[in-house]
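Trainee: I would like to go through this structure and ask how each descriptive term is justified. May we take the terms one at a time?

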Amino acid sequence: MRAKINITGIVQGVGFRPFIYRIAVKHGIVGYVRNRGDAGVEVLLEGNAQSIKNFMYDLTAEKPPLAQIDQIKSTPLAGKQKYSQFIIYKSSQEAELSGSIIPPDIAICNQCLAELRDPKDPRYEYFFITCTNCGPRFTIIERLPYDRGNTTMREFPLCGFCQKEYNDPANRRFHAQTVACPACGPKAYLTTNNGEPVQAKDPVRLAGKLLSEGYVLAVKGYGGFHIATSTLLEKPLLRLRTTKHRREKPFAIMARSIGTAKEFAEVSSKEDELLSSPARPIVLLNKSGNYNLSPLVAPNLHNVGVMLPYTGLHYMLLDHVGDPAFVMTSANPPNEPIVNDNDEALRVLGGTVDYFLFHNRKIAHRCDDSVMRVHENRQVFLRRSRGYAPAPIRLKQKSNRCVVGLGGELNNTSCVLFEDKAFISQHIGDVENVETRVFLQEAASHLQHLTNCHPEAVACDLHPKFTTTILAQEMKKADGLPLIQVQHHHAHAAALMAEHGLDEIVAITCDGYGYGTDGQAWGGEILQCTRKSEEFKRLGHLESQPLLGGDLASRYPLRIAAGMLGKASVDVESWLMQNNQQLPHGESEANFITNQLKKGKGIPETTSCGRVLDAVSAVLGLCYLRSYEGEPAMKLESAALAGEDKLNLRPSLHDDVLETTTMLRAIFDNVGKVSTADLAYSAHAYLAKGLSSLAVEKAKVQRVKAVGFSGGAACNQILSEIMRTFVERAGLRFFVHEAVPAGDAGISLGQAVVAGFCNF
Ligand SMILES: [Zn+2]
Ligand SMILES: [Zn+2]
Ligand SMILES: [Zn+2]
């Protein structure tokens, strides 16, 4: 019997061909296996019917742990047997199937880690030790199929020893494309901040020692550079905060082990599972009572972003020093993508660091670390990137067409939707300048190439001036593709629906800013959406509030608070005067704001939930300057976690609008009488109860069974938990994101599904 089978999914770069080889030989089958140019695998089988049946059984039952089989297409072949043995053939360039992809980067496996530490092993202390089950994939691939020659490992020809392992079917490194050793693989080296080589027998260990002593280093990894330093010493941390323009933005850290992390943070079993997974994301952990790292690591927050080492190099950095963890923050200059090239690193980071720990392998695709947190045992993505991208999100329904979604503006990603798979790019960042725009274009086209997908439509935001909108319009013109513009909060809701396979939802979508259908700034919305429609209904929203000074109001939360308090007949003039040192121009600015408020004309307004949280944060004195995205709201949440709903305010709803002025007034009146923690919690409770009661009421009228919460504010644990309790008590189902970020990194998916599922 003869048959040809084509397998799609994640089947290249995961040890799939060696696996096929082994099960074919086991069942006495002859023929061949080869990688294809569409990221799929092709197998030709010759053998008796029973052995082919056994082979097919093992194919799904015994597949390698990292492989994902989406489809097996089997075609019986006529003719006589041609092969006398089973062979791994050279890859073919054929590419007719779409929707397969290579895997994300995978953290070092336990076997490689054991070899790294075994003095008798030929790869003892080799910083880039990998095998079929671990190592970089997405960050090294330039084109398909996944062969060494198509990756940045091309520049490192195998030595005799590695070649022998590569050719040996019994070896773990049989056909492992990243295989390397100290003799033939990439080399690590240390330089000063102007590129002068520093002689060292063991550059990685020396780098660890320098970090421990308080130097600042740029460390090249798989998908980019980290800026690294001590988590214990004040001096380098302070220096980093000034030179990296990061006043208070928390630094991610890399802990030596789970055990060490538990010394300064609380680690639940779910958090442990995420931290130790092959994806090794950064997980936000609550600081423990014994938190002994510098307060400068994550200032004024209850949690700290921790990850575990994910390459041999990382383990070696921490091996011989006493430090529990090092700062390992992504090396991207403000509003620019992560640095990925050695020369560029010297130019861009030379002024920030003392030394560079380089290696000589190129990075094909930059990829930042992923960031997660856990709410009540549920994983919440803040950033889905290394370890996850480009693996697809599987949807419950098939799209009507292939679509590329270009996302919004902040924290952006792009998405290629093909049938029931959504391929979301790595984290791109804020697309406001040329560098990030180019990065977005590259990431989007690379994704189309890797998946062999050809978009039939392009989707983007409704904002007329976003860089992504302009890019989408250019694609429309150049390729003649239909363009679908999707309102920001509709995209949030659509992403949530797609993730859970819902046909209909009443969604609470809360964030900082999204361009509304009326051209106004939205951000505290209750929308009704259905899967098949391009349209949605806005059922309710937060009260509109003045943004004194437009964008300045998002940067200086005192301004939004002043605008809101002005409406609540508070003597804003004296309050601003008392706090004028918190404004960049002090007294004169306070006067200016008061006058503007008195005039009351031409002030833009917003229904943003983020801005209301900002105002509360300012009234409580928790944050007067937003030095990073979401800072005032994050600090408010940190404070609230120690509080309770002392004020127990009744949500004030009029004509489907939840008032926020009265709430802020109540908070203002109780400052000094009730603890900051309790006031912070009461503000959360008011918004969560008010929005969910409005959503439940609307869902009941519209006979919709599902209520969801999306948008950046859905990363907030307190809001999510109160809403869930409220909605479930009302007998409805409550949905939040688990597979994609709730924030604007999920927008590209939402856009793609609106454009993909609607009928046009
Ligand atoms: Zn390994
Ligand atoms: Zn070698
Ligand atoms: Zn948003």
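**Helices and metal sites**

Mentor: Let us begin with α20: among the elements that cover its buried residues are β26 (545-546), α15 (557-567), α18 (609-619) and α21. Please keep in mind that this is a predicted model.

Trainee: Which residues of α20 are buried?

Mentor: In α20 they are T661, M663, L664, A666, I667 and N670. The term requires a relative accessible area under 20%.

Trainee: What makes α20 roughly antiparallel to α21?

Mentor: The axes of α20 (residues 661-670) and α21 (residues 676-702) come within 10 Å and cross at roughly 165°. Angles over 145 degrees count as roughly antiparallel, and therefore α20 is described in that way relative to α21. The crossing of α20 past α21 is right-handed.

Trainee: Which residues meet where these two helices pass?

Mentor: From α20, T662, M663, I667 and N670 meet L679, A683, Y686 and L687 of α21. After α20 comes G672, with a positive phi near 90°.

Trainee: How do you know that helix α19 is largely enclosed by the rest of the structure?

Mentor: Of the 10 residues of α19 (residues 631-640), 9 are buried, so the helix is largely enclosed. The buried residues are E631, P632, A633, K635, L636, E637, S638, A639 and A640. They pack against β15 (371-375), α15, α18, α21 and α22 (717-729).

Trainee: Turning to the metals, why is the site of the zinc ion (ligand 1) called tetrahedral?

Mentor: The SG atoms of C109, C112, C131 and C134 are the protein donors, 2.3 to 2.4 Å from the zinc ion (ligand 1). The angles among these 4 donor atoms are 104 to 119°. Four donors count as tetrahedral if all angles lie between 85 and 135 degrees, so the site of ligand 1 qualifies. Its donors follow the spacing C-x2-C-x18-C-x2-C. C112 is in helix α3 and C134 is in the loop between α3 and α4, so this pair ties together parts that are 22 residues apart in sequence. C112 and C134 are both buried.

Trainee: What makes the site of the zinc ion (ligand 2) tetrahedral?

Mentor: Its protein donors are the SG atoms of C159, C162, C181 and C184, at 2.2 to 2.4 Å. The angles among the 4 donor atoms run from 102 to 117°, so they fall between the limits of 85 and 135 degrees. The donor residues are spaced C-x2-C-x18-C-x2-C. C159, in the loop between α3 (110-116) and α4 (160-167), and C181, in the loop between α4 and β6 (188-192), link distant parts of the chain, 22 residues apart. Both of these cysteines, C159 and C181, are buried.

Trainee: Why, then, is the site of the zinc ion (ligand 3) called irregular?

Mentor: H488 (NE2), H492 (NE2), D511 (OD) and D744 (OD) coordinate the zinc ion (ligand 3) at 2.1 to 2.2 Å. The angles among its 4 donor atoms are 91 to 163°. The upper value exceeds the tetrahedral limit of 135 degrees, and the site is classed as irregular. Its donor residues are spaced H-x3-H-x18-D-x232-D.

Trainee: Where do H488 and H492 lie, and how do you know that H488 is buried?

Mentor: Both histidines, H488 and H492, are in helix α13 (residues 488-500), 4 residues apart, about one turn of the helix. Residues three or four places apart in an α-helix point the same way. H488 has 4% relative accessibility and therefore counts as buried; H492, at 1%, also counts as buried.

Definitions and conventions: Residues numbered from 1 in each chain as written. Chains lettered and ligands numbered in written order. Predicted model: local features only at pLDDT ≥ 70, side-chain atom pairs only at ≥ 80, totals over all residues. Heavy atoms only, no water. Donors = N, O, S within 2.8 Å, 3.2 Å for Na, K, Ca; no water. Tetrahedral: all angles 85-135°; square planar, octahedral: opposite > 155°, others 65-115°. Buried < 20%, exposed > 50% of the residue type's maximum accessible area, 1.4 Å probe, protein only. Axes fitted to C-alpha atoms, helices over the stretch in contact; angles between N-to-C directions. Parallel < 35°, antiparallel > 145°, perpendicular 65-115°, else oblique. Left-handed = near helix turned anticlockwise from the far one by under 90°. Contact = heavy atoms within 4.5 Å.
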